[in-house]
Amino acid sequence: MIETILVCLSLTAVDGDTVKCDGKNMRLLGQGVPYQVGIDTPEITHAKCKKELKLAQLAKNRLRELLRQDGLTVVYSGFNDKTPQRRPLVDIYNADGIEVGHQMLREGFAREWRPRHKNNWCD
C-alpha cells in the first residue's frame, strides 16, 4: 500500500488513540506496523474500572493538546483496522517530524498494542 497525506479541516481527539478527521474516526498507529504493532490507550466508553477511566481522560486530554499544534501532517497508511467501523490507520506528525501517537507512548499515555494482547489498565 502507498501512504497518502490527508487534509483535515477539523482534527479532534475522540480518545487517546482515535482522532476524528472531518467527522471520520481514524486510529493512530504510533509509527507501528498495521496489524502487527501499534499503540493502545485506556478506554473511555468501555473502561473496566475507575482507574482506567481516569487514565483514558488524561490520554484524551494529552492527545487534544498535541493536536492543537500548528503544521500537523496526517498520513494514511493505506490500511484500516479490523473493527466493524474499518477505521483508517494513520500517523500524525508535528512540524518537527515527531509522530504524536509515538509521543503519547514515550510520555506514558499509551502502551504498545499487539494482536491478541490486552493491556490491563486497572492494575
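The following exercises, with worked solutions, concern the predicted model of one protein chain.

Residues are numbered from 1 along each chain as its sequence is written. In this predicted model, local features need pLDDT of at least 70 and side-chain atom pairs count only at pLDDT 80 or more, while totals for chains, interfaces and linings use all residues; side-chain values use heavy atoms, with hydrogens and water left out.

**Exercise 1. Fold and compactness**

Determine the order of helices and strands, and assess the compactness of the chain.

Solution. Helices (H or I, at least four residues) and strands (E, at least two) are taken as DSSP runs, numbered from the N terminus. The protein chain holds 2 helices and 8 strands, and along the sequence they follow the pattern β-β-β-β-β-α-β-β-α-β. The radius of gyration is 13 Å, close to the 14 Å that the globule rule gives for 123 residues, so the chain is as compact as a globular protein of that length. That radius is taken over C-alpha atoms, and the rule is 2.2 Å times the number of residues to the power 0.38. Along its principal axes, the C-alpha trace spans about 40 × 30 × 25 Å.

**Exercise 2. Burial and contacts**

State what percentage of the residues is buried, and what percentage of the contacts between residues at least 6 apart joins residues at least 24 apart.

Solution. Buried means under 20% relative accessible area, exposed over 50%, and partly exposed in between (1.4 Å probe, protein chains only). Buried residues account for 41% of the 123 residues. A contact requires heavy atoms within 4.5 Å. Of the contacts between residues at least 6 apart in sequence, 59% join residues at least 24 apart.

**Exercise 3. The aromatic pair**

Classify the pair formed by the rings of Y35 and F79, and locate both residues.

Solution. Rings of Phe, Tyr and Trp (its six-membered ring) pair if their centres lie within 6.5 Å; planes under 30 degrees apart count as stacked, over 60 as edge-to-face and the rest as tilted. This rule yields 1 aromatic pair. The ring centres of Y35 and F79 are 5.7 Å apart and the planes stand at 90 degrees, so the pair is edge-to-face. Y35 lies in the loop between β4 (24-28) and β5 (38-40), and F79 in strand β6 (residues 73-80), 44 residues apart. Y35 is partly exposed at 30% relative accessible area, and F79 is partly exposed at 29%.

**Exercise 4. The surroundings of R86**

Describe the position, exposure and neighbours of R86.

Solution. R86 is placed in the loop between β6 and β7 (88-93). With a relative accessible area of 41%, R86 is partly exposed. Residues up to four places away in sequence not counted, R86 touches N80 and D81. The C-alpha atoms of R86 and M26 are separated by 8.7 Å, although these residues are 60 residues apart along the chain.
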